[in-house]
Amino acid sequence: MARVLIDDELCQGHAMCSLEAPDVFEVPKRGTVQLIGDVTATNLEAVRLAVRHCPTGALTLEED
């Protein structure tokens, strides 16, 4: 399937990812993005949007 890579040094906690794919990403009030779920066929397009809309480019999607 696919997996998400996070660059913690780039993440600034804007939380755009959690707006696009809330079942995969969570951003605490203070901190950086955390993966809370897996990339599945059901949420793959939402994860792609989350990666695309990350303002700092902290997310990368690796697809098989």
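## A tour from the core to the salt bridges

Start at Val-33. Select it in this predicted model and show its neighbours: Val-33 touches Ile-6, Asp-8, Cys-11, Cys-17, Phe-25, Glu-26, Val-27 and Leu-59, leaving aside residues up to four places away in sequence.

**Stop 1: the core**

Widen the selection. Val-33 is among the residues that touch the most other members of the largest nonpolar core, which has 18 residues. Add the others with that standing: Val-4, Cys-17, Phe-25, Val-47, Leu-59 and Leu-61. Two of these names, Cys-17 and Leu-59, were already on screen as contacts of Val-33.

Now colour by secondary structure. Which elements each supply at least two residues of this core? They are β1 (2–6), α2 (44–53) and β4 (59–63). Pick out α2: this helix gives the most to the core, with four residues.

**Stop 2: the strand-to-strand bridge**

Hide the core and turn to charged side chains. The structure holds three salt bridges. Select Glu-62 and Arg-3 for one of them; their closest N and O atoms are 3.0 Å apart. Glu-62 sits in strand β4 and Arg-3 in strand β1. The pair links distant parts of the chain, 59 residues apart. Switch on a surface. Glu-62 is partly exposed, with a relative accessible area of 33%.

**Stop 3: along helix α2**

Go to α2 and select Glu-45 and Arg-48. Their side chains meet in a salt bridge, 3.2 Å from N to O. Both residues lie in the helix, three residues apart, or about one turn. Check the surface again. Is Glu-45 buried or exposed? It falls in between: Glu-45 is partly exposed, at 42% relative accessible area. Arg-48 is partly exposed too, with a value of 29%.

**Stop 4: from helix to strand**

Keep Arg-48 selected and add Glu-63. These two form a salt bridge, with the closest N and O atoms 2.7 Å apart. Glu-63 lies in strand β4 and Arg-48 in helix α2, so the pair ties together parts that are 15 residues apart in sequence. Glu-63 is partly exposed, with a relative accessible area of 42%.

**Last view**

Which residues are linked in a network of salt bridges? Show Glu-45, Arg-48 and Glu-63 together: they make up that network. Arg-48 bridges to Glu-45 and to Glu-63. Then bring the core back. Helix α2, which holds Glu-45 and Arg-48, also gives four residues to the core.

Terms used: Residues numbered from 1 in each chain as written. Predicted model: local features only at pLDDT ≥ 70, side-chain atom pairs only at ≥ 80, totals over all residues. Heavy atoms only, no water. Core = buried A, V, L, I, M, F, W, Y, C linked by side-chain atoms within 4.5 Å. Buried < 20%, exposed > 50% of the residue type's maximum accessible area, 1.4 Å probe, protein only. Contact = heavy atoms within 4.5 Å. Salt bridge = Lys/Arg side-chain N within 4 Å of Asp/Glu carboxyl O.
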